[in-house]
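Let us take a walk through a protein together, one stop at a time. Keep the picture open beside the text and look up each place as we reach it.

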Amino acid sequence: MTQPAKKNIAILGSTGSIGKQALDIVRANMDKLQVEVLTAQNNADLLIQQAIEFLPNAIVVGEESKYLYVKDALQKHDIKVYAGADALCQVVQMESIHIVLAAIVGFAGLRSTLAAIEAGKQIALANKETLVVAGALVTEAAKAKGVNIYPVDSEHSAIFQCLAGEFHNTIEKIILTASGGPFRGKDSKFLETVKKEDALKHPNWSMGAKITIDSATLMNKGLEIIEAAWLFALRPEQIEVIIHPQSIIHSLVQFEDGSIKAQMGLPDMKLPIQYAFFYPNRVYSSFKRFDFASYPSLTFEKPDFTSFPAIQLAFDAMKKGGNMPCILNAANEIAVHAFLKDQIGFTEIPAVVEKCMEQGHFIANPAISDYMESDKETRIMATACCKK
Ligand code: NAD
Ligand code: MG
């Protein structure tokens, strides 16, 4: 298949951590990439600034009250301005778009990602919650439409890179690496006392607030286990987690002959974003190179499932299937939000998730409307748990 001279991309969540780094990739590859769509929820000023720089065909501001402000600021430019969640689902269908970077955080990214798949757009997927909540639906839709989902999450990109040239070979297992977050080695007693300021200090990565807290509770790894199962068609027993504090090995694949392949590099999300944009090609980047001599020891340890129960909760949700991962995700989003508002303590985050998983209404074969309903119900339940 011949490649278009320039790839037209839509960046959903362009004002976020992933969105901004994706625009850095565009800046460095103006001859290969064209921004067609930018979207943001609240940060109207940054969205306007990005629109003036990249001159996309259309932009969407999620927060409808900001529509006039954005429209006014861009009146001199030939850029279509829309607002609201429905507009997001419409713009991704634009004829001219080749690839959609799904970089909205949380359940809020599901509908637009599904709409893009329905329109046959290739997907660069950062929004892991989409696969956690509705992995069956999303992967089936992608298959039916001949859409490829290119992982942007660094672990999944690592596995995808290890699989290049190996897609016909049987995977024995994958090993997802985790930094362990800021509280690695701490016990439950200590974790009861931690404050959001400490939890927001990730040792290796600079990311949005929600994923940073998920990395501290290790729920991020839990979500990634479920994401990996859908992306690579794996059974739960084929997925392992290992703590690797230096975040140099981004994940590993073990094949049925016992050989293990790993993908390595300094922690920098720009690499997986760029790989997703240009797959199957690798293009030049000026990112800082890894130097073995600077890292004389790369270390590995087992995760502590007692102090960090989130990984087990995710395994349980995945094994149960149906809407259970959707319940896990919604409860977690509410609990993380409550923690960030100082309404609950750090160790209450997994406790709220567990409670919602116990009490939530289970549906074995959910349709999209069931996921919407289940997400809504769980949010109400989790909010009540956070007030107790
Ligand atoms: P972020 O909070 O920095 O940015 C989120 C973006 O989504 C913003 O542009 C925001 O305007 C938009 N948004 C938020 N709520 C919205 C809503 N209701 N409707 C429409 N848009 C909305 O988050 P991030 O760290 O960039 O993460 C984005 C996604 O990528 C998450 O799913 C995260 O798990 C995943 N991810 C991030 C990283 C990272 O390094 N930041 C790494 C791997 C995966
Ligand atoms: Mg990751």
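A residue is called buried when its relative accessible area is under 20%, exposed when that area is over 50%, and partly exposed in between. Please also keep in mind that this is a predicted model.

With that definition in hand, find Thr-177, which sits in strand 8, a stretch covering residues 171–178. Its relative accessibility is 5%, so Thr-177 counts as buried. What does the side chain of Thr-177 reach? It comes to 3.2 Å from the backbone oxygen of His-250.

Now let us turn to the metal. The magnesium ion is ligand 2, and its protein donors are Asp-153 (OD), Glu-155 (OE) and Glu-224 (OE). These donors lie 2.1 to 2.3 Å from the ion. How are the donor residues spaced in sequence? The pattern is D-x1-E-x68-E, and you can trace it along the chain in the sequence. Both Asp-153 and Glu-155 are buried.

The other bound molecule is ligand 1. It is surrounded by 22 residues, and the closest are Thr-15, Ser-17, Gln-41, Glu-129 and Gly-208. By character, the shell around ligand 1 consists of eleven nonpolar, eight polar and three charged residues. Some polar contacts can be picked out one by one. Glu-129 has a polar side-chain atom 2.7 Å from an oxygen atom of ligand 1. Gly-208 uses a backbone N or O atom instead, which lies 2.9 Å from an oxygen atom of ligand 1. On its own, ligand 1 has 820 Å² of accessible area, and the protein covers 85% of that. Helix 1 (17–28) and helix 6 (128–145) are the elements that give two or more residues to the shell around ligand 1. Gly-13 takes part too: a backbone N or O atom of this residue lies 3.2 Å from an oxygen atom of ligand 1.

Where does ligand 1 lie with respect to domain 1 and domain 2? Domain 1 spans 7–151, while domain 2 is made of 156–266 + 296–320. Both domains give residues to the shell, so ligand 1 lies between them.

Next, have a look at some of the loops. Between helix 7 (154–163) and strand 8 there is a loop that holds Ala-164. At 34% relative accessibility, this residue counts as partly exposed. Follow the chain for 116 residues from Ala-164 and you arrive at Pro-280, yet the two C-alpha atoms are separated by 8.4 Å. Pro-280 belongs to the loop between helix 12 (270–278) and helix 13 (310–320). The peptide bond leading from Tyr-279 into Pro-280 is cis, with omega near 10 degrees.

Thr-193 is another loop residue, placed between helix 8 (188–191) and helix 9 (196–199). A polar atom of its side chain lies 2.6 Å from the backbone oxygen of Phe-190. Thr-193 is 47 residues from Glu-240 in sequence, and their C-alpha atoms are 29 Å apart in space.

Helix 11 (219–231) and strand 9 (239–243) are joined by a loop in which you will find Ala-233. Although Ala-233 is not a glycine, its phi is positive, at about 50 degrees. Is Ala-233 buried or exposed? With 68% relative accessibility, Ala-233 counts as exposed. Leu-234 lies in the loop between helix 11 and strand 9 as well, but this residue is buried, with a relative accessible area of 10%. Leu-234 and Cys-162 are 72 residues apart in sequence, and 15 Å separates their C-alpha atoms.

Further on, Ser-247 has its place in the loop between strand 9 and strand 10 (249–255). Ser-247 is a residue other than glycine with a positive phi, near 50 degrees. Its relative accessible area is 7%, so Ser-247 is buried.

Our last stop is helix 14, residues 324–340, where Cys-326 is found. At 0% relative accessibility, Cys-326 counts as buried. How many residues along the chain separate Cys-326 and Tyr-371? They are 45 residues apart, with 6.7 Å between their C-alpha atoms.

Technical notes: Residues are numbered from 1 along each chain as its sequence is written. Chains are lettered from A and ligands numbered from 1 in the order in which they are written. This is a predicted model: local features need pLDDT of at least 70, side-chain atom pairs count only at pLDDT 80 or more; totals for chains, interfaces and linings use all residues. Side-chain values use heavy atoms; hydrogens and water are left out. Donors are N, O and S atoms within 2.8 Å of the metal (3.2 Å for Na, K and Ca); water is not among the atoms, so sites may look incomplete. Buried means under 20% relative accessible area, exposed over 50%, partly exposed in between (1.4 Å probe, protein chains only). A residue is near a molecule or strand if one of its heavy atoms lies within 4 Å of it. A polar contact is a pair of N or O atoms within 3.5 Å; within protein, one must be able to donate a hydrogen and the other to accept it, and residues adjacent in sequence count only if both atoms are side-chain atoms. Accessible areas come from the Shrake-Rupley method with a 1.4 Å probe; for residues, only the protein chains shown count as cover. Helices (H or I, at least four residues) and strands (E, at least two) are DSSP runs, numbered from the N terminus. Ala, Val, Leu, Ile, Met, Phe, Trp, Tyr, Cys and Pro count as nonpolar, Asp, Glu, Lys and Arg as charged, and the others, Gly among them, as polar. Domain bounds come from an automatic or database domain assignment.
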